[in-house]
Amino acid sequence: MATPSGKAAIPSPQTSKRALPKDASSEVPSKRKNSNPSSTLPRPSGLFVEGSIVRIAMENFLTYDICEVSPGPHLNMIIGANGTGKSSIVCAICLGLAGKPAFMGRADKVGFFVKRGCSKGLVEIELFRTSGNLIITREIDVIKNQSFWFINKKPVTQKIVEEQVAALNIQVGNLCQFLPQDKVGEFAKLSKIELLEATEKSIGPPEMHRYHCELKNFREKEKQLETSCKEKTEYLEKMVQRNERYKQDVERFYERKRHLDLIEMLEAKRPWVEYENVRQEYEGVKLIRDRVKEEVRKLKEGQIPMTRRIEEIERQRRTLEVRIKEKANDIKEASQKCKQRQDCIERKDRHIKELQQALTVKQNEEHDRQKRISNTRKMIEDLQNELRTAENCENVQPQIDAITNDLRRVQEEKALCEGEIIDKQREKEMLEKQKRSVGDHIIRFDNLMNQKEDKLRQRYRDTYDAVVWLRNNRDRFKQRVCEPIMLTINMKDNKNAKYVENHISSNDLRAFVFESQEDMEIFLREVRDNKKLRVNAVIAPKISYADKAPSRSLNELKQYGFFSYLRELFDAPDPVMSYLCCQYHIHEVPVGTERTRERIERVIQETRLKQIYTAEEKYVLKTSFYSNKVISSNTSLKVAQFLTVTVDLEQRRHLEEQLKEINRKLEAVESGLVALRDTNRHLELKDNELRLKKKELLERKTRKRQLEQKISSKLASIRLMEQDTCNLEEEERKASTKIKEINVQKAKLVTELTGLVKICTSLHIQKVDLILQNTTVISEKNKLEADYMASSSQLRATEQQFIELDENRLRLLQKCKELMKRARQVCNLSADQAVPQEFQTAFQDLPNTLDEIDALLTEERSRASCFTGLNPTVCLFLCFHPTALTLLPPPVHTCTRTCMCTHALAHIHRHTHRVLSSTCLPHCTGALGNNKLDSRNNALNARS
């Protein structure tokens with residue numbers, strides 16, 4: 001049942017509905033004016049059942065202005081074209097019986113059911129009741145989105161209406177009683193159980209569904225009891241099987257207990273063996289310590305004579321060092337006097353050298369002055385000769401003027417050339433800017449195409465992969481192959497994309513278009529068969545339909561609101577356009593506006609078009625084969641998804657041509673710039689040549705003036721040098737007199753220095769004799785000290801050995817005491833208590849060394865560890881509860897070692913009430929008696 005859509009699908013109120021055949025049990029609704037919409041007609045009441053609808057009245061409700069429907073007592077059917085208001089009657093039944101708008105799945109607010117443009121609407125339903133019919137009225141206020149309820153013209157609440165409807169067993173929310181067309185899918189999803197419950201609620205008495213629920217609960221409880229009984233039976237069988245397993249576990253438990261008893265006795269004997277080993281070690285360390293102590297005493301007595309001799313030699317050494325210091329002081333005083341005399345002699349020598357150097361400097365200055373005067377005179381002669389030569393040269397001013405004129409002309413040409421270069425560069429920049437702008441526009445167009453491809457890749461990945469393959473393999477096809485239609489279509493206005501997408505199927509929108517059957521077979525074989533891609537392909541007609549004219553001119557259809565045919569809304573390649581015209585007749589399908597929808601009935605009757613598009617709907621018209629009547633169906637247009645991206649191909653082609661023209665102009669400007677730069681470079685070279693020629697002529701012109709100035713300056717410098725003279729003979733005489741006086745003073749100082757040197761030599765000889773004596777004494781002392789150090793080192797080593805031995809003795813003594821105390825604690829013996837006979841007897845058959853004890857311990861522990869998975873609690877429980885399981889007592893063993901260990905452990909357990917882990921006696925052979933053990937302990941305590 002199609003959804004009614006306002007005025008576009010319903011004739012005006014004055015026009016009656018399409019004529020339908022009538023029968024005795026139904027009455028067709030009709031739109032008519034009625035001053036009293038709630039009036040009732042007399043009906044036969046004998047055929048109606050309790051709660052039957054006998055009348056439905058609507059006012060301003062959905063597509064109806066005023067309408068009244070009178071159903072019969074049996075099956076009622078409403079037949080009509082799409083959009084004529086069949087579903088509106090169903091909505092009125094639901095809302096009139098206190099149903100919620102959500103039941104119908106159309107709108108969530110009741111105000112949406114009032115006819116567009118009206119502020120209020122009314123629904124009235126009359127129900128059959130033996131005590132008197134029940135009339136329910138519902139007034140809907142669009143502004144407040146509220147409903148007002150009336151029963152038999154009296155205002156009531158919605159709750160009272162619901163109670164009255166429920167009393168008549170009317171269930172609007174039950175899909176088995178009331179099934180709107182939008183709930184058919186939900187009804188089909190109901191399971192058999194849900195369908196049975198809904199049927200019980202619909203046609204059965206009220207208590208039927210309650211009894212059914214109680215019956216289901218009882219069945220669930222029965223299943224739970226059966227499951228519980230089955231679990232308890234299985235648990236009993238498991239317990240019986242476990243008791244059988246426990247019999248073997250008890251026997252293994254007692255076997256493991258015997259191994260553990262032997263392990264306890266071995267662990268008890270081990271500390272006694274350790275004690276005896278440590279005691280023997282202690283005795284050996286004590287003997288070595290006494291021998292080392294005697295060696296220390298002897299070494300100390302041998303060091304006393306050496307110490308006395310070292311002290312005597314030390315006193316002699318101090319006396320000699322005092323005498324050596326006195327001689328050193330005398331030598332220092334004499335040396336200082338010699339140093340003073342040497343300093344005076346050196347000063348006199350330096351004075352003589354300074355006088356000689358001053359005389360030499362004056363001689364060199366006079367020689368240089370004469371040399372400079374000679375050189376200056378030669379330079380004056382050369383300048384005068386050059387001056388005479390320059391006067392004989394011709395006048396160069398005319399040549400300078402000619403070069404200046406040429407230079408001015410070259411500079412003007414160069415300025416014009418540079419101006420043209422600047423103009424060309426500006427023109428180039430402007431063209432490059434235009435090129436970038438056009439390129440950006442083309443990139444934007446390409447980006448729009450990329451958006452189309454992105455949508456294709458997201459929605460149809462296989463089709464996109466096929467497009468990529470096609471672009472890489474176009475050379476394999478003989479004729480033209482077009483990419484999917486959705487990529488090749490370019491909408492002139494993206495607002496019209498919804499018409500094209502609703503008209504062309506999605507399979508064809510993503511189909512490739514071929515002009516040759518052979519090309520299509522190659523494509524499908526590669527893409528479908530080899531690459532396993534799901535793609536569509538079509539062949540364009542051999543005769544082009546792209547330019548085929550429509551059967552009716554668009555001017556004839558403009559009076560109905562049509563503005564274009566589908567073909568004129570977009571651009572596409574010729575094969576694609578030809579295929580769409582042939583397959584979908586896009587050149588025959590007009591597109592209208594809201595005005596077309598308002599006149600839809602007139603359009604249908606007068607135009608006889610097969611397909612029509614309005615602003616938001618699509619109409620398909622068919623002629624009945626039997627009645628020759630026109631049947632129309634309308635559907636709402638879906639929102640466009642793929643063709644909303646619009647690319648103006650004509651503008652893009654124009655931009656590409658514009659880009660080519662700009663590139664051509666750029667090439668021309670670039671060639672012009674190259675020519676201008678070459679001309680400018682040639683003018684610069686010519687300008688440089690003229691400037692060099694002018695510079696040479698100007699230098700020749702100014703050379704005479706420069707020569708005259710240089711000659712005058714050189715003559716002035718000669719006069720200055722001749723004035724600055726010096727008398728060398730007088731200076732030499734004065735210097736010789738001063739040097740003679742200084743030499744006399746120097747001879748006197750040398751005589752005094754010689755006497756002082758002799759005194760220093762005598763003092764040095766005396767000091768050396770004393771140093772030799774001191775060295776002999778120190779050598780003897782060092783020898784004695786070395787012997788003493790060797791003896792002291794031996795003494796320290798011996799003392800250190802004595803200390804280490806004594807510490808080791810004390811440590812072993814303490815360890816013996818701890819081991820003895822630990823062994824007695826393990827056996828629960830006091831310090832003065834004798835060892836019981838049962839321990840000595842039990843230990844006789846046990847190993848005698850630590851290695852043997854450890855080996856036996858490892859063996860017994862390995863055997864005990866083999867008894868895994870035993871639970872002592874279970875064994876004790878079975879032993880003390882014979883009713884749970886009948887067990888034999890532990891077997892009696894005849895092993896002597898095990899029995900003795902058991903008696904000894906029993907003795908320990910009587911005193912400690914626990915299982916011990918460390919007890920033993922010192923001698924494993926059993927030869928050591930109680931008296932001997934006590935005597936050893938007493939002797940050990942006395943030595944400590």
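Me: Why is the pairing of glutamate 276 with arginine 279 called a salt bridge?

Reply: In this predicted model, the closest N and O atoms of glutamate 276 and arginine 279 are 2.6 Å apart. The cut-off for a salt bridge is a side-chain nitrogen of Lys or Arg within 4 Å of a carboxyl oxygen of Asp or Glu, so the pair at 2.6 Å qualifies.

Me: What separates glutamate 276 from arginine 279 along helix H5?

Reply: They sit 3 residues apart in helix H5 (residues 206-302), which means about one helical turn lies between them. An α-helix has 3.6 residues a turn, so residues three or four places apart point the same way. Both glutamate 276 and arginine 279 are buried.

Me: What makes lysine 414 and glutamate 684 a salt bridge, and why does the pair tie together parts that lie apart in sequence?

Reply: Their side chains meet at 3.8 Å, N to O, and the limit is 4 Å, so this pair also counts. Lysine 414 belongs to helix H7 (residues 397-459) and glutamate 684 to helix H17 (residues 649-723), so the bridge links parts that are 270 residues apart in sequence.

Me: Is glutamate 684 buried, exposed or partly exposed, and what makes it so?

Reply: Its relative accessible area is 32%. Buried needs under 20% and exposed needs over 50%, so glutamate 684 is partly exposed.

Me: How do you know that arginine 552 and glutamate 556 form a salt bridge?

Reply: The N to O distance between these two side chains is 3.6 Å, and the definition asks for within 4 Å, so they pass. Arginine 552 has a relative accessible area of 23%, which makes it partly exposed, and glutamate 556, at 40%, is partly exposed too.

Me: How many salt bridges does a search of the whole structure find, and which residues are linked in a network of them?

Reply: The search finds 46 salt bridges. One network of them links Glu314, Arg317, Arg318, Glu321, Lys781 and Glu785.

Me: How do you know that the sulfur of cysteine 582 is too far from that of cysteine 581 for a bond?

Reply: Cysteine 581 holds the closest cysteine sulfur to that of cysteine 582, and the distance is 8.7 Å. A disulfide needs two cysteine sulfur atoms within 2.5 Å, so this pair fails the test. Across the whole structure, the search finds 0 disulfides.

Me: Which side of the burial cut-offs do cysteine 582 and cysteine 67 fall on?

Reply: Cysteine 582 has 30% relative accessibility and counts as partly exposed. Cysteine 67 comes in at 2%, and the bar for buried is under 20%, so cysteine 67 is buried.

Me: Why does leucine 62 count as buried, and what is notable about its phi?

Reply: Its relative accessibility is 19%, and the cut-off is under 20%, so leucine 62 makes it into the buried class. Leucine 62 lies in the loop between strand S2 (53-61) and S3. Its phi is positive, about 50 degrees, although leucine 62 is not a glycine. Most residues other than glycine have a negative phi.

Me: What is the phi of arginine 608, and why is this residue called exposed?

Reply: Arginine 608 also has a positive phi, near 55 degrees. It lies in the loop between helix H16 (600-607) and strand S15 (611-613). Its relative accessible area is 56%, and exposed means over 50%, so the label fits.

Me: What makes leucine 299 buried, and which residues is it in contact with?

Reply: At 17% relative accessible area, leucine 299 is buried, and its place is in helix H5. Leaving aside neighbours within four places in sequence, leucine 299 is in contact with Ser791, Gln794, Leu795 and Thr798. The C-alpha atoms of leucine 299 and serine 791 are separated by 7.2 Å, though the two residues are 492 apart along the chain.

Me: Why is isoleucine 79 called exposed, and which surface patch does Ile79 help make?

Reply: Its relative accessible area is 57%, and the threshold is over 50%, so isoleucine 79 is exposed. Together with Leu75 and Met77, Ile79 makes a nonpolar surface patch of about 370 Å². Isoleucine 79 is found in the loop between strand S3 (64-69) and helix H1 (86-96).

How values were computed
Residues are numbered from 1 along each chain as its sequence is written. This is a predicted model: local features need pLDDT of at least 70, side-chain atom pairs count only at pLDDT 80 or more; totals for chains, interfaces and linings use all residues. Side-chain values use heavy atoms; hydrogens and water are left out. Patches are made of residues with over 30% relative accessible area and no salt bridge: like charges are joined within 9 Å, nonpolar side chains (Val, Leu, Ile, Met, Phe, Trp, Tyr) within 5 Å. Accessible areas come from the Shrake-Rupley method with a 1.4 Å probe; for residues, only the protein chains shown count as cover. Helices (H or I, at least four residues) and strands (E, at least two) are DSSP runs, numbered from the N terminus. Buried means under 20% relative accessible area, exposed over 50%, partly exposed in between (1.4 Å probe, protein chains only). Contact means heavy atoms within 4.5 Å.
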